[in-house]
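Subject: The structure for you to look at

Dear colleague,

I am handing over the structure we spoke about, and I would ask you to keep it open while you read. My notes on it come after it.

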Amino acid sequence: MSQAAAAHAAEPAETPLTPESWGKLGMWVFLAGDAMSFGTLLAGYAIMRGTSKNWPVPAGVLGIGLTAFMTFLLICSSVTMVKGLDAIKRGDQKSLVKFLGLTVLGGVLFLGMQAYEWTHLIHEGLGLTQNKWGAAQFGTTFFLITGFHGMHVTGGVIYLSIIAWQGSKGAYSAHSHNAVEIAGLYWHFVDLVWILVFTFVYLL
Amino acid sequence: MAHSHSQHVNYMAIFWWLLLLTILEIAAGYPSAGPSYPHLLKGFLLVVMAVTKAALVAMYFMHLRFEKVALGYIAMIPLILCVFVVLMTLPDF
């Protein structure tokens, strides 16, 4: 016990990297690890595609129009997220909840469109182990990567909903809004990853 | 909206840049561009634009531009790893 207490006392009160909060550093370290997961998935995609002889042209199989709109939605939801953070920095709790609500709405719409896209592609004959347009790994990597990203969006929607709910109860103010900023970091990261997924899986 | 923050970011300007780059990306990635448009050029253009967009999100929405430089190093590590993984497997292509 005393040892634990001593260790606690030795812990510096603020982190040299993110003086505002330890939580922010924690989120950055988590995101760096998460980026490695996405990075290896995308690198694996590149390797499978590079070594495949019958990889289909993605734009010929996947709908670019719908996913372009999904990209647009996520970019918009990133803007509403920063607007929400800006609002609470001014102490405007009402606007914080409004902008967080819009951000969550963007995420939910994104997920709805992804569900529609997946349903459509599965009916057309794309599966985890089957692809009528060529290499089966195209289906495997497509569902793995977009699914892993979709799970992140789902997590973000739940995460931001909780922050919005807390915000509506007055949990955040002009002087105390670290949790909003940290949640925002996660949401922007999910947007950033989608930008890369859209380019490498859909357009390239 | 001119409030006294330590960071002054015109978020709408970032939004328009992201939108413009997305439109250019779709134009560059469109499959019916014809054989005169080399695949390598298409790949190069798309990667440059995607990395630019990702950097804009990280620098301005995630405020990395206003953080300590060492935090940027943490953010860069996955990118280095990813490039390394692809380069390591290139001989198998």
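What follows is an account of what was found, beginning with chain A and ending with chain B.

Please keep in mind throughout that this is a predicted model, and that the values below were computed from it.

Chain A has seven helices and zero strands, so that, if you follow the chain from its N terminus, every element you meet in the order α-α-α-α-α-α-α is a helix. The C-alpha trace of chain A spans about 60 × 45 × 25 Å along its principal axes, and of its 204 residues 41% count as buried. When the contacts in chain A between residues at least 6 apart in sequence are considered, 78% of them join residues that are at least 24 apart.

One helix that deserves your attention is H7 of chain A, which covers residues 178-203 and has 26 residues. From its first C-alpha to its last, H7(A) reaches 37 Å, which is close to the 38 Å expected at 1.5 Å a residue, although there is also a kink of about 25° in this helix, centred on A:Val197. Is H7(A) enclosed by the rest of the structure, and how many of its residues are buried? Because 24 of the 26 residues of H7(A) are buried, this helix is largely enclosed by the rest of the structure.

A pair of helices in chain A is also worth finding, namely H4 (residues 64-89) and H5 (residues 93-124), which pack at an angle of about 165° with their axes 8 Å apart. That angle is over 145 degrees, the cut-off for this description, and therefore H4(A) is roughly antiparallel to H5(A). The crossing in which H4(A) passes H5(A) is left-handed.

Turning to where the two chains meet, the contact takes 38 residues from chain A and 35 residues from chain B. On the side of chain B that touches chain A, helix H1 (11-29), helix H2 (39-61) and helix H3 (69-89) of chain B each supply at least two residues, and the largest share, eleven residues, comes from H3(B).

Finally, there is B:His8, which lies in the segment before H1 of chain B. Is B:His8 buried or exposed? With 10 other C-beta atoms within 10 Å, B:His8 is exposed, since the cut-off for that word is 12 or fewer. The C-alpha atoms of B:His8 and B:Tyr60 are separated by 9.7 Å, while the two residues are 52 residues apart along the chain.

With best wishes

Methods:
Residues are numbered from 1 along each chain as its sequence is written. Chains are lettered from A and ligands numbered from 1 in the order in which they are written. This is a predicted model: local features need pLDDT of at least 70, side-chain atom pairs count only at pLDDT 80 or more; totals for chains, interfaces and linings use all residues. Helices (H or I, at least four residues) and strands (E, at least two) are DSSP runs, numbered from the N terminus. A residue is buried if 20 or more other C-beta atoms lie within 10 Å of its own, exposed if 12 or fewer, and partly exposed in between; C-beta atoms are placed from the backbone. Two residues are in contact if their C-beta atoms, placed from the backbone, lie within 7 Å. The expected span of a helix is 1.5 Å times one less than its number of residues. The bend at a residue is the angle between axes fitted to the seven residues ending there and the seven starting there. Axes are lines fitted to C-alpha atoms, for helices over the stretch in contact, and angles run from 0 to 180 degrees between N-to-C directions. Angles under 35 degrees count as roughly parallel, over 145 as roughly antiparallel, 65 to 115 as roughly perpendicular and the rest as oblique. A crossing is left-handed if the near helix is turned anticlockwise from the far one by less than a right angle, and right-handed if clockwise.
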